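Subject: A structure for you to explore

Hello,

Here is the structure I promised to pass on to you. Have a look at it first, and then read my notes below.

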Amino acid sequence: MKQMTAVFTKQTSRSQKRNTAVWYTAVSFLWLGAVALSVAADNSKTAARFHLSMFQVRLIQLIFALPGLLIVLAILFGGLSIWRYARSIGASKEGKGFRSIAYGIFALLVGLLAGNYLSDLQQLLSQHVADPQKVKTDFVIISNYVAVLVSFVTYSMLLRGSRLLLDSLGKQLIAVRQLILVPALFIVLAALYAWLIHGNPNRQVSTDATVGPVFGLSYWLTVFTVAVPLVASWLVGAIALIHLRRYYTNTKGVVYKLLFRKFVKGMTLFIFLNIVLQLLTQLSSFYATRNLSAILSLIIVVYGALVYAFILIARGAQRLSMIENILVE
Amino acid sequence: MSDQQYYQQVVSATEEFLGPAAERFVNRQIEFHLGKTPQTISREDIPRLKETLGAALGLLVKDKAIVTQAMHKFDLIIKDENL
């Protein structure tokens with residue numbers, strides 16, 4: 001009998017490749033647009049504050065824009081890889097689950113781009129109005145609510161996806177012990193966050209003319225409409241992660257598990273780092289006048305780790321796609 | 001054993017290796033290599049399916065023990081022993 005050989009079939013058709021190129025180009029242009037707006041804004045106050053020339057300020061902006069581009073492209077890479085895998089396995093519960101996870105990641109991408117445009121728009125508008133602090137306050141309120149909304153949408157989609165995956169195994173969604181422990185941990189986190197907000201002198205009105213307020217709202221309004229919903233969204237993300245790991249532990253298939261491992265590692269890293277990043281971003285505004293460089297360095301490290309997480313997610317999804325694209329001749 | 005039972009045994013043995021992707025994989029191989037509808041396979045078709053799974057697993061993982069284990073599972077089906 002003739003010896004059989006297995007090969008991977010061509011995974012992407014020409015039209016798929018063209019669509020992928022369109023997505024990458026569109027996202028790159030959107031990102032470059034945000035960078036251009038940020039460079040075009042009048043940064044003379046920032047330059048004076050840090051004793052830099054305008055050229056140096058623009059150079060720093062461009063240098064910081066590169067890791068930003070890398071992260072949006074990594075998010076797109078992760079999202080598209082999961083979405084393609086979901087398509088390849090059709091309308092099964094698993095397929096729907098992976099599709100929902102992909103949508104969650106796309107929501108994160110949209111939120112990231114929207115956040116950048118809002119920040120740039122605020123910079124530009126505040127140069128052309130009589131009361132720039134009012135514009136800064138209005139924009140920071142909008143930006144914070146957009147961030148809460150994006151966080152909720154992202155984690156809710158991940159939760160829906162992970163529930164569908166777990167449903168496909170017919171497993172109980174979450175253990176009782178976890179139902180008590182995880183929310184308890186997040187209540188502590190919410191209390192810590194509320195305490196940090198309370199200690200922030202710039203929370204409602206900025207004491208520094210070059211920067212806007214961090215929240216622009218009264219303390220209790222900030223706690224109940226920004227901090228608590230944001231921490232609640234992190235809780236949703238944590239539950240999604242527990243479901244995903246439960247699916248990984250309980251699913252059958254020695255080889256499937258080996259291929260799925262990278263995906264789970266990537267998702268774990270992504271959810272954990274995204275929460276850390278959101279917390280650090282808030283801290284950076286709290287301590288803008290103190291140890292900013294240390295916090296910015298930490299944010300860059302977290303950005304690097306997030307890029308790695310999305311590459312893991314994408315590679316994991318691509319490895320799972322290998323099973324669906326194998327052809328034995 | 002009926003054709004339907006052979007199909008169930010093949011899917012169940014493949015599931016131990018390919019998990020939720022097993023049924024899709026088996027269906028594709030049956031349609032492509034045997035030109036049959038998935039649930040109409042007979043005992044004579046098992047050796048060919050055994051070979052396709054072996055070749056596929058060989059490409060997916062480096063661990064030869066996994067491939068050998070899978071082949072053994074299929075041998076048991078051919079011998080009509082309980083899995």
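At what angle do helix α5 and helix α7 of chain A pack, and how far apart are their axes? Please keep in mind while you look that this is a predicted model. In chain A, α5 covers residues 132-169 and α7 covers residues 219-250. These helices pack at about 20 degrees, and their axes lie 8 Å apart. Angles under 35 degrees count as roughly parallel, and therefore α5(A) and α7(A) are roughly parallel to each other. The crossing in which α5(A) passes α7(A) is left-handed. As for the residues in the contact of α5(A) with α7(A), 16 are nonpolar, eight are polar and two are charged.

Next, try finding a single residue. A:Gln127 sits in the loop between α4 (93-126) and α5 of chain A. Is A:Gln127 buried or exposed? The answer lies in between: a residue counts as buried with 20 or more other C-beta atoms within 10 Å and as exposed with 12 or fewer, so A:Gln127, with 13, is partly exposed. If you set aside the neighbours within four places in sequence, A:Gln127 is in contact with A:Ala41 and A:Asp42. A:Ala41 is 86 residues away from A:Gln127 along the chain, yet their C-alpha atoms are separated by 8.1 Å.

Now for chain B. Chain B has four helices and zero strands, so to speak an α-α-α-α run from the N terminus on. The C-alpha trace of chain B spans about 35 × 25 × 20 Å along its principal axes. A compact globule of 83 residues would have a radius of gyration near 12 Å, and chain B agrees with this because its own value is 12 Å. Of the 83 residues in chain B, 35% are buried. Among the contacts in chain B with a separation of 6 or more, 51% are between residues 24 or more positions apart.

Finally, see where the chains touch. How many residues does each chain bring to the contact? Chain B brings 21 residues and chain A brings 19. On the side of chain B that touches chain A, the elements giving two or more residues are α1 (3-18), α2 (22-34) and α3 (46-60) of chain B. The largest share of that side, eight residues, comes from α3(B). Sorted by class, the side of chain B that touches chain A has 13 nonpolar residues, four polar ones and four charged ones.

Enjoy exploring, and write back with any questions!

Best wishes

Definitions and conventions. Residues are numbered from 1 along each chain as its sequence is written. Chains are lettered from A and ligands numbered from 1 in the order in which they are written. This is a predicted model: local features need pLDDT of at least 70, side-chain atom pairs count only at pLDDT 80 or more; totals for chains, interfaces and linings use all residues. Two residues are in contact if their C-beta atoms, placed from the backbone, lie within 7 Å. Ala, Val, Leu, Ile, Met, Phe, Trp, Tyr, Cys and Pro count as nonpolar, Asp, Glu, Lys and Arg as charged, and the others, Gly among them, as polar. Axes are lines fitted to C-alpha atoms, for helices over the stretch in contact, and angles run from 0 to 180 degrees between N-to-C directions. Angles under 35 degrees count as roughly parallel, over 145 as roughly antiparallel, 65 to 115 as roughly perpendicular and the rest as oblique. A crossing is left-handed if the near helix is turned anticlockwise from the far one by less than a right angle, and right-handed if clockwise. The radius of gyration is taken over C-alpha atoms; the globule rule is 2.2 Å times the number of residues to the power 0.38.
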